[in-house]
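Here is a protein model to read piece by piece. Each question asks how a label is earned.

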Amino acid sequence: MVTLLLDSTQLEVVLSGAERAMAFRKGNVVIERSTISKVQLTDDAWTWLRGVPSPGTHLRGVVAMGTWKSAGADDFAIIRRRRPSVVIDLEGHPEFQRIILTTRHGLALVQALRVELAEEAADVVEIAAETGTVPTVPEKKPRPRQAPTPAPAV
């Protein structure tokens with residue numbers, strides 16, 4: 001999963017070695033805060049993909065990583081399965097018009113972007129935790145399984 005670092009001037013999407021390889025990218029994605037026009041949370045990031053991977057890796061329904069080119073727009077995607085995601089629309093970014101990321105910290109990112117930050121970069125989860133705005137999600141309890149009923153004798 002990507003790590004999101006945020007400071008007063010930029011958001012940095014830190015990619016792991018595997019993510020860099022699958023996205024065919026040498027470095028992290030750096031986004032100036034002034035270029036972020038809208039941030040949206042979504043349950044299905046696959047509906048936000050447009051165009052074709054160029055360069056990138058795409059296994060339908062499993063993984064989509066890399067640059068996606070469409071008519072007049074380039075997007076960057078790191079999507080894994082059907083997990084909660086964040087869609088960041090950009091204006092004036094030199095490389096991308098949209099960033100689509102699968103992350104369980106989307107709400108923390110939205111909240112951290114609203115806060116004035118220090119000069120050094122910090123993880124968005126830590127920023128949101130410091131402001132006391134990160135909601136706690138109760139753990140899901142496993143449902144008890146019913147024992148199978150035997151078939152009637154013939």
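Q: What makes up the accessible surface of the protein, and how is it computed?
A: The surface comes to about 9,500 Å², and 53% of it belongs to carbon and sulfur atoms. Accessible areas come from the Shrake-Rupley method with a 1.4 Å probe; for residues, only the protein chains shown count as cover.

Q: What kind of model is this, and how are residues numbered?
A: It is a predicted model: local features need pLDDT of at least 70, side-chain atom pairs count only at pLDDT 80 or more, and totals for chains, interfaces and linings use all residues. Residues are numbered from 1 along each chain as its sequence is written, and side-chain values use heavy atoms, with hydrogens and water left out.

Q: How many helices and strands are there, and what counts as one?
A: There are three helices and ten strands. Helices (H or I, at least four residues) and strands (E, at least two) are DSSP runs, numbered from the N terminus. From that end, the elements run β-β-α-β-β-β-β-β-β-β-α-β-α.

Q: Why is Thr 67 called buried?
A: Its relative accessible area is 11%. Buried means under 20%, exposed over 50%, and partly exposed in between (1.4 Å probe, protein chains only). The value 11% is under 20%, so Thr 67 is buried. Across the protein, buried residues make up 37% of the 154 residues.

Q: What does Thr 67 touch?
A: Thr 67 sits in strand 6 (residues 63–70). Contact means heavy atoms within 4.5 Å. Not counting residues up to four places away in sequence, its contacts include Val 52, Pro 53, Asp 74, Phe 76 and Phe 96.

Q: How do you know that strand 5 and strand 6 pair?
A: Two strands pair if DSSP finds at least two bridges between them. Strand 5 and strand 6 have six, in the antiparallel sense. In one of these bridges, His 58 has Ala 64 of strand 6 as its partner.

Q: What is the strand order of the open sheet, and why do strand 4 and strand 5 count as edges?
A: The six strands have the order 4-8-9-7-6-5, with mixed pairing. Strand 4 and strand 5 (52–59) each have a single partner strand, so one side of each is left without a neighbour in the sheet. Neighbouring strands are turned by 15° against each other on average, direction ignored.

Q: What makes the pairing mixed?
A: Strand 4 (residues 36–42) and strand 8 run antiparallel, joined by six bridges. Strand 8 and strand 9 (residues 98–102) are also antiparallel, over five bridges. Strand 7 (residues 73–80) and strand 9, however, pair in the parallel sense over four bridges. There, Phe 76 stands opposite Ile 99.

Q: Why is strand 9 called largely enclosed?
A: Five of its five residues are buried, so the rest of the structure largely encloses it. Arg 98, Ile 100 and Thr 102 point one way, while Ile 99 and Leu 101 point the other. In a regular strand the side chains alternate between the two faces of the sheet.

Q: How do you know that strand 8 is mostly covered?
A: Six of six residues in strand 8 (residues 85–90) are buried. Ser 85, Val 87 and Asp 89 point one way, and Val 86, Ile 88 and Leu 90 the other.

Q: Which helix lies across strand 4 and strand 8, and at what angle to strand 4?
A: Helix 2 (residues 106–113) does, running at about 150° to strand 4. Axes are lines fitted to C-alpha atoms, for helices over the stretch in contact, and angles run from 0 to 180 degrees between N-to-C directions.
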